[in-house]
Amino acid sequence: MLEAARELLVERGYDELTMDAVAERAGVHRTTVYRRWRDVGGLLADVLDAAGGDDWRPPDTGTLEGDLVAVNAEVEAALAAEPVTASLIAASFRSQEAAAALRRFWEERYARCAVVVERAVRRGECPEGTCARRVLVAATAPVYQQLVLVRGGVDPGLGRQVARGVALGAADGVFVTGADGGGG
């Protein structure tokens, strides 16, 4: 049923995603869907929660810049090939349950990716106290902006360019928390 919901969300958008349509696409009786989820928001929350249940780990290229370039390449590939991501993000603005699930998804992804910065600190590429989340947000946000918000398509040099700038900033201590009163 979750796959049916994903497909319909991409095909029709949030406004036309109904429990009855999900039941029909999944080949089950509508009461089966209603018994499990009380509304579309709950169904989409489960779609998002299922997306976080994979075993993905960030790549280890040997440098912070390389790791960030690789993460950005994976983000670009996923967003370009999987239109459901943008649809789920848009739906999260319409459903509190989907929004909460999206926050859980991002928290889990940032936690998994923290190792990228931890490795960089161990290698001496950036100072102790470098905030992994801020590094990751700074490195990936322009890619999401380009593909999800602007819907401008893949910009071949953007992920690499941003990764280089963020790695240089991290080396310079730009993302160290506490020194400027900032938090983690």
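What percentage of the 184 residues of the protein chain count as buried? The share is 42%, where buried means under 20% relative accessible area with a 1.4 Å probe, protein chains only.

The model is predicted: local features need pLDDT of at least 70, side-chain atom pairs count only at pLDDT 80 or more, and totals for chains, interfaces and linings use all residues. Residues are numbered from 1 along each chain as its sequence is written, and side-chain values use heavy atoms, with hydrogens and water left out.

Begin with the whole protein chain in cartoon view. Its secondary structure comes to nine helices and zero strands; helices (H or I, at least four residues) and strands (E, at least two) are DSSP runs, numbered from the N terminus. The C-alpha trace spans about 60 × 30 × 25 Å along its principal axes.

Next, select helix H5, residues 64–81. Its end C-alpha atoms are 26 Å apart, which agrees with the 26 Å expected for 18 residues at 1.5 Å a residue, the expected span being 1.5 Å times one less than the number of residues. Buried residues of H5 include Leu68, Val71, Val75 and Leu79. The buried residues of H5 pack against helices H6 (84–92), H7 (96–123), H8 (132–149) and H9 (158–171).

Finally, select Glu76, also in H5. Glu76 is buried yet has no salt bridge, that is, no side-chain nitrogen of Lys or Arg within 4 Å of a carboxyl oxygen of Asp or Glu. The nearest side chain of opposite charge, Arg160, is 9.0 Å away; Lys and Arg count as positive and Asp and Glu as negative, while His and the chain ends are not counted. Not counting residues up to four places away in sequence, Glu76 touches Val143, Leu147, Val154, Asp155 and Gly159, contact meaning heavy atoms within 4.5 Å.

Terms used
Buried < 20%, exposed > 50% of the residue type's maximum accessible area, 1.4 Å probe, protein only.
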